[in-house]
Amino acid sequence: MSWWADAVGYEVYLRSFADSDGDGVGDFPGLTKRLDHLADLGIDAVWVTPFYPSPQRDFGYDVADYCDVDPAFGTLEQFDEFAARAHELGLKVVIDIVPNHSSSEHPWFRSALEGKDSPHRDHYVWRDPAPDGGPPNNWLAIFGGPAWTLDEASGQYYMHLFLPEQPDLNWASPAVHRAFEQVLEFWMARGVDGFRIDVAHSLCEDRSFADNPPKPGIGREPEDFGDLLHVHDIDQPETIEVYRSWRRLVADRDVLLIGEVYVDPAPAMDKYVDDALHLTFFFGLNPLEWDPVTFASTLREATESLPDGWGWIQGSHDEHRAVTRFGGGPEGVERSLALWAALFGLPGMPFLFQGEELGLENGVVAPEHVLDPVGKRIPEDGRDPCRTPMPWEPGAGHGFSSGEPWLISETRTDNETASVQAGDPESPLSRTRALLDARRSTAGRRGGPVDWLDAPEGVVAYRRGEVAHVANLTDGVVTVALPGPWDVAHATGEAVLVGDRLELGARTGAILGVVA
Ligand code: GLC
């Protein structure tokens with residue numbers, strides 16, 4: 001059985017996790033010191049966001065060297081120390097890999113800029129201008145503006161799905177394939193247990209480089225990425241071939257490939273996980289307003305569309321925090337816990353994002369302190385609010401850093417800190433831990449296909465083997481008929497079993513086991 005078959009992951013946004021040297025940026029020694037928190041929480045794997053040398057234009061997702069550590073985050077030796085300590089604690093290490101684009105400071109791109117004869121020119125996507133001298137086609141960048149920037153020296157345009165400082169790598173070039181195989185080998189030799197693949201649907205382009213059709217009914221010239229139908233720039237069959245070859249590379253090594261794949265509709269995801277990636281994240285809940293009925297039906301449809309499961313998340317370093325999106329306050333926390341109870345038994349691998357175990361809401365970042373390139377363009381889409389520092393303990397800097405944090409935000413309360421919450425059995429931290437404990441203690445009895453149980457609208461209820469998960473996402477008390485004798489292993493709120501009827505309080509999830 002693969003290590004991730006029944007595992008829970010945890011995303012560490014390294015810059016904001018724990019700073020050991022007072023420069024205001026989280027780093028590997030800081031993370032290593034705080035690994036006990038993750039082991040105590042009861043997760044199985046840590047996914048660390050990009051830590052490679054980078055000009056940090058997109059906070060690490062602009063990589064200037066795929067085989068080293070940025071001095072702001074530490075050294076390769078400190079990476080090794082982190083991985084060794086994680087393994088000692090029984091935690092797997094998953095690292096973020098960014099194959100769609102590099103930084104414009106990567107030596108490959110600097111070499112490519114030297115001219116058409118550069119040995120690295122073909123590492124990137126170059127096209128001649130359109131007849132009018134403008135960009136070669138109508139493709140747009142996700143971070144705004146055209147997906148093309150003119151290199152005046154050569155008179156050609158290079159492609160970038162994100163910032164101009166994030167030039168797209170050319171996956172039509174065999175040299176790029178070879179280079180990334182070496183990168184994967186480099187990190188596997190250092191003991192990593194998995195790769196989270198950034199924008200995994202985007203590597204290859206349609207070689208026709210034809211215009212993308214505008215989305216029907218937008219009623220204006222396409223201006224934003226979302227105004228186009230992405231027929232030619234993303235989700236190409238050649239991209240899946242890349243993952244098939246990576247799958248062969250990691251075969252027999254028990255190394256996870258999990259992709260950040262955005263394709264719509266969800267059934268189009270099949271091809272990414274058949275014999276290619278092991279898992280992809282499920283993003284289907286993220287754009288939705290909290291709505292118990294839609295959430296419950298969306299989860300069921302997603303599970304049915306990909307029976308081997310998803311990487312289940314409530315949030316990430318790219319989303320507003322789950323508790324905020326779920327309405328905030330104690331109710332937001334209860335909804336989040338009930339949703340975890342629903343997700344924790346489904347096939348696949350749930351991933352908590354740092355701070356979700358503390359029930360954190362969005363951090364408050366004043367307009368003059370906004371740093372995220374997305375937030376600078378479209379404030380309401382900004383990603384800084386979920387990236388503010390982890391609050392560890394009362395006192396200056398809340399234990400994150402002795403210096404000024406890289407991202408300035410309103411101070412959190414002491415009750416939001418990990419150390420205060422650890423001493424309070426009713427805190428989000430204690431409740432998350434208890435739920436994870438219950439998940440683990442029932443693990444051996446949970447398995448096989450998901451058998452959906454009849455339940456009122458807005459309630460997720462299913463059985464897998466000898467375990468049932470029932471989550472009442474609604475704001476009222478519900479009763480669910482559960483044929484057979486059950487025991488409540490754990491509930492996030494009020495749960496009363498009378499005969500074969502389970503009464504669940506508002507916003508409450510439960511894990512039950514069949515009575516032997
Ligand atoms: C992914 C990352 C995001 C980054 C983007 C470009 O979506 O999660 O943070 O900005 O890719 O690399």
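The shell around the ligand comprises four nonpolar, two polar and seven charged residues in this predicted model. Of the 13 residues that surround the ligand, those that come nearest are Asp58, Asp198, Glu260, Asp318 and Arg383. Two of these names, Asp58 and Arg383, recur in the table below, together with His101. The table gives the distance between an oxygen atom of the ligand and a polar atom of the side chain in question.

| Side chain | Distance to a ligand oxygen atom |
|---|---|
| Asp58 | 2.6 Å |
| His101 | 2.9 Å |
| Arg383 | 2.9 Å |

On its own, the ligand has 310 Å² of accessible area, and the protein covers 96% of this area.

Two arrangements of strands are described next. In general, the strands of a sheet pair through backbone hydrogen bonds, in either a parallel or an antiparallel manner.

The first arrangement is a barrel that eight strands close in the order β1-β2-β3-β7-β8-β9-β10-β11, with parallel pairing. From one strand to the next, the twist averages 30°. Within this barrel, strand β10 spans residues 310–313 and strand β11 spans residues 348–353; the two pair in the parallel sense over four bridges. One bridge joins Trp312 to its partner Pro350 in β11. Helix α10, formed by residues 329–343, packs on the sheet and touches both β10 and β11. The direction of helix α10 makes about 160° with that of β11.

The second arrangement is an open sheet of three strands in the order β4-β6-β5, and here the pairing is antiparallel. Its edge strands are β4 (126–127) and β5 (148–151), each of which pairs on one side only. Strand β6, residues 156–159, pairs with β4 in the antiparallel sense over two bridges. For Trp126, the bridge partner in β6 is Tyr158.

A further strand, β16, consists of residues 486–491 and contains Ala491. Leaving aside residues up to four places away in sequence, Ala491 touches Thr508, Gly509 and Ala510. Ala491 and His120 stand 371 residues apart along the chain, and their C-alpha atoms are separated by 57 Å.

In summary, seven charged residues belong to the shell around the ligand, and the protein covers 96% of the accessible area that the ligand has on its own. The strands described include a barrel with parallel pairing and an open sheet with antiparallel pairing.

Key: Residues are numbered from 1 along each chain as its sequence is written. This is a predicted model: local features need pLDDT of at least 70, side-chain atom pairs count only at pLDDT 80 or more; totals for chains, interfaces and linings use all residues. Side-chain values use heavy atoms; hydrogens and water are left out. A residue is near a molecule or strand if one of its heavy atoms lies within 4 Å of it. A polar contact is a pair of N or O atoms within 3.5 Å; within protein, one must be able to donate a hydrogen and the other to accept it, and residues adjacent in sequence count only if both atoms are side-chain atoms. Accessible areas come from the Shrake-Rupley method with a 1.4 Å probe; for residues, only the protein chains shown count as cover. Ala, Val, Leu, Ile, Met, Phe, Trp, Tyr, Cys and Pro count as nonpolar, Asp, Glu, Lys and Arg as charged, and the others, Gly among them, as polar. Two strands pair if DSSP finds at least two bridges between them. Axes are lines fitted to C-alpha atoms, for helices over the stretch in contact, and angles run from 0 to 180 degrees between N-to-C directions. Contact means heavy atoms within 4.5 Å.
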